[in-house]
Amino acid sequence: MTTLFKFIFGIGLLIYAYRAYVTGEVRAGRSGLKLYTPTREENPIAFHFFVCLYLFGGFALLIWGMLVLAGVAEPMRLN
């Protein structure tokens with residue numbers, strides 16, 4: 001169950017990072033009451049930071065899921 005959770009969220013993060021990189025803007029939370037969406041033109045450092053954060057998070061979840069399937073890592077406990 002948790003392995004499926006990791007795969008789905010890992011793939012979702014990778015898809016979102018790819019779409020954000022192609023469109024040139026990424027949602028990165030809220031700044032007060034409005035959404036904070038750094039773009040490649042307006043704030044390239046924040047844009048690339050958040051795209052890399054989503055990429056690394058997606059790859060980490062996928063690799064963790066593969067390690068659980070291989071028996072190297074323990075599955076996450078859901079209590």
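A residue is called buried here when its relative accessible area is under 20%, exposed when that area is over 50%, and partly exposed in between. By this standard, buried residues account for 27% of the 79 residues in the protein. The structure is a predicted model, and the points below move from the overall fold to the largest pocket and then to two residues of one loop.

**Overall fold and shape**

- The protein contains two helices and two strands, and when these elements are read from the N terminus on, they follow the order α-β-β-α.
- The radius of gyration of the protein is 15 Å, whereas a compact globule of 79 residues would have a value near 12 Å.
- Measured out along the principal axes, the C-alpha trace of the protein has spans of about 45 × 25 × 15 Å.
- When contacts in the protein between residues at least 6 apart in sequence are considered, 51% of them join residues that are at least 24 apart.
- The protein has an accessible surface of about 5900 Å², and carbon and sulfur atoms contribute 68% of that surface.

**The largest pocket**

- The largest pocket holds about 160 Å³ of space, and its lining is formed by Tyr16, Arg19, Ala20, Thr23, Glu25, Val26, Arg27 and Thr37.
- In terms of residue character, this lining is made up of three nonpolar, two polar and three charged residues.

**Two residues in the loop between strand 2 and helix 2**

- Thr39 is found in the loop that lies between strand 2 and helix 2, and Glu42 is placed in the loop between strand 2, residues 34-35, and helix 2, residues 44-70.
- Thr39 has a relative accessible area of 12% and therefore counts as buried, since the cut-off for a buried residue is under 20%.
- Leaving aside residues up to four places away in sequence, Thr39 touches Gly24, Glu25, Pro44 and Phe47; among these partners, Glu25 is also one of the residues that line the largest pocket.
- Glu42, by contrast, counts as exposed because its relative accessibility is 70%, and the cut-off for an exposed residue is over 50%.
- Glu42 and Glu25 are 17 residues apart along the chain, and their C-alpha atoms are separated by 9.6 Å.

Key:
Residues are numbered from 1 along each chain as its sequence is written. This is a predicted model: local features need pLDDT of at least 70, side-chain atom pairs count only at pLDDT 80 or more; totals for chains, interfaces and linings use all residues. Side-chain values use heavy atoms; hydrogens and water are left out. Helices (H or I, at least four residues) and strands (E, at least two) are DSSP runs, numbered from the N terminus. Buried means under 20% relative accessible area, exposed over 50%, partly exposed in between (1.4 Å probe, protein chains only). On a 1 Å grid over the protein atoms alone, a cavity is a set of points where a 1.4 Å probe fits but cannot get out, and a pocket is an open set with protein on both sides within 12 Å along at least five of seven lines; lining residues have an atom within 4 Å of a point. Grid points are joined across faces, edges and corners, and a volume is the space filled by probe spheres set on the points. Ala, Val, Leu, Ile, Met, Phe, Trp, Tyr, Cys and Pro count as nonpolar, Asp, Glu, Lys and Arg as charged, and the others, Gly among them, as polar. The radius of gyration is taken over C-alpha atoms; the globule rule is 2.2 Å times the number of residues to the power 0.38. Contact means heavy atoms within 4.5 Å. Accessible areas come from the Shrake-Rupley method with a 1.4 Å probe; for residues, only the protein chains shown count as cover.
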